[in-house]
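Please read the following walk through the structure with the sequence and the coordinates side by side. The account moves from definitions to helices, then to domains and charged pairs.

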Amino acid sequence: MKRLPPLPALHTFLITAQCCNFTRAAEQLFITQGAVSRQIAGLEEHLGYELFIRQARGLDLTAEGRAWLPRVQQIFGLIDEAVEQIGEKRETLQLKAPSCVMRWLLPRLMQWQRERPDVPVELTTTVKHGVDFHREQFDAAVMYGAPPDSALVCHHLFDEQLTPVCSRPLLEGPVPLRTPDDLERHLLLHPTRDERDWKAWLASADVHLSNVRGQHFETLDLAMSMASQGTGVAIGDWSLIGDDLSAGRLVMPFELKVRTGLAYYLVHPQKPAPSGPLTELLEWLQGQARAL
């Protein structure tokens, strides 16, 4: 296979062919006229034929030179295009989060994408609350529970605060819901099978219900959706349902919010250091959490 001509010499040929003058080509290339002449002569020797006809009034392209020019223009056009496109390549951030935080996280990621379309985020949801960055290809994750392993860089988002919620029509309906004792006459919606959230809140409120009807759901989102339709009274994390409360889809019949000692955290590996776009996203999400 014949050795390819050197790229700098091809670039010199391109500039020289466009102006057909060694002096003007030297000015555009910021080299001497002699250097331009030597590069062209070296390229012609490499190819085995002349590219220019040297004349007193200047230069003309030979038939071979005219055949080379559009091809070299195409080569450097492709290089310019590649530099531009690769330089602007978007870094898609890979984020993992448990499904219980979706009610808070998803609207904010949609807002992020509207404000920063140059930094797209791909979100993976899971019913599990952990992440293994050694085995899973994520840039960062949202975790729920106790403070994560010290081997991770951890940013606190907000604490879990449990409170009952329901629809306004149910609150203002024919069955009173004025005190926690009135819950005995309503269907309790449980976001977990073990009913731990309702048990924790009722214990803090010092309420003992003797005959309670309940319905269980696999996720917080399902329980909140049923509550907003007036099906019953759900127990939810005040930090996660703020948008529903602000929009009036849900209301809090009681002021009591119970802290469980658990929280939501943003985590990422210590190494490698987070990229600039990831750092921006993490700081932005922390700002959204502080706004609570």
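A residue is called buried here when its relative accessible area is under 20%, exposed when that area is over 50%, and partly exposed in between. The model is a predicted one, and with that in mind helix 10 is a convenient place to begin. In helix 10, the residues that fall in the buried class are Leu278, Leu281, Leu282, Trp284, Leu285, Gln286 and Ala289. An α-helix has 3.6 residues a turn, so residues three or four places apart point the same way. The cover over the buried residues of helix 10 includes strand 3 (93–98), helix 5 (102–115), strand 4 (121–126), strand 5 (140–145), strand 6 (152–165) and strand 10 (258–269). The geometry of helix 10 can be checked as well: because a helix rises 1.5 Å a residue, its 15 residues, 276–290, should span 21 Å, and the end C-alpha atoms are indeed 21 Å apart.

Glu280, which is found in helix 10, belongs to another class, since its relative accessible area of 35% makes it partly exposed. Once neighbours within four places in sequence are left aside, Glu280 is in contact with Trp112 and Arg116. With Arg116, Glu280 also forms a salt bridge, in which the closest N and O atoms are 2.3 Å apart. Glu280 lies in helix 10 and Arg116 in the loop between helix 5 and strand 4, so this pair ties together parts that are 164 residues apart in sequence. Arg116 is itself partly exposed, because its relative accessible area is 21%. A further link across the sequence is that Glu280 and Val119, 161 residues apart along the chain, have C-alpha atoms 9.5 Å apart in space.

At the other end of the chain, the unreviewed UniProt entry places the feature "domain: HTH lysR-type" at residues 5–62. Over residues 5–62 the chain is 62% helix and 14% strand, and the C-alpha atoms at the two ends are 18 Å apart. Helix 1 can be tested in the way used for helix 10: its 13 residues, 7–19, should span 18 Å at 1.5 Å a residue, and the value of 19 Å between its end C-alpha atoms agrees. The buried residues of helix 1 are Ala9, Leu10, Thr12, Phe13, Leu14, Ile15, Thr16, Ala17 and Cys19. After helix 1 comes Cys20, which has a positive phi, near 50 degrees.

Turning to the overall division of the chain, the domain assignment gives domain 1 (7–87), domain 2 (93–159 + 263–291) and domain 3 (160–259). The centres of domain 2 and domain 3, taken over C-alpha atoms, are separated by 27 Å. Where these two domains meet, 12 residues of domain 2 are in contact with 14 residues of domain 3. Between them, domain 2 and domain 3 bury about 1,100 Å², of which 42% is on carbon and sulfur atoms. Arg103, Tyr144 and Asp159 supply 59% of the area that domain 2 buries against domain 3, more than any other three residues.

Which charged pairs should one look for here? Side chains of opposite charge can pair when their charged atoms come close. The count between domain 2 and domain 3 is 4 salt bridges. Asp159 and Arg259 meet through their side chains in a salt bridge of 2.9 Å, N to O. Arg259 is also among the residues touched by Gln161, a residue of strand 6 that counts as buried because its relative accessibility is 11%. Other contacts of Gln161 beyond four places in sequence include Trp238, Lys257 and Val258.

Another salt bridge joins the side chains of Asp244 and Arg103, at 2.7 Å from N to O. Asp244 lies in helix 9 (residues 242–247) and Arg103 in helix 5, so the pair ties together parts that are 141 residues apart in sequence. Both partners are on the buried side of the cut-off, because Asp244 has a relative accessible area of 3% and Arg103 has a relative accessibility of 16%. By contrast, the salt bridge between Arg196 and Asp194, at 2.8 Å from N to O, pairs two partly exposed residues, with values of 38% for Arg196 and 39% for Asp194. Salt bridges that share partners join Arg103, Asp221, Asp244 and Arg249 into one network.

Terms used. Residues are numbered from 1 along each chain as its sequence is written. This is a predicted model: local features need pLDDT of at least 70, side-chain atom pairs count only at pLDDT 80 or more; totals for chains, interfaces and linings use all residues. Side-chain values use heavy atoms; hydrogens and water are left out. UniProt positions are given in the numbering used here, feature names are shortened, and annotations may be inferred rather than shown by experiment. Helices (H or I, at least four residues) and strands (E, at least two) are DSSP runs, numbered from the N terminus. The expected span of a helix is 1.5 Å times one less than its number of residues. Buried means under 20% relative accessible area, exposed over 50%, partly exposed in between (1.4 Å probe, protein chains only). Contact means heavy atoms within 4.5 Å. Domain bounds come from an automatic or database domain assignment. Buried area is the accessible area (1.4 Å probe) that two parts lose on being put together, summed over both.
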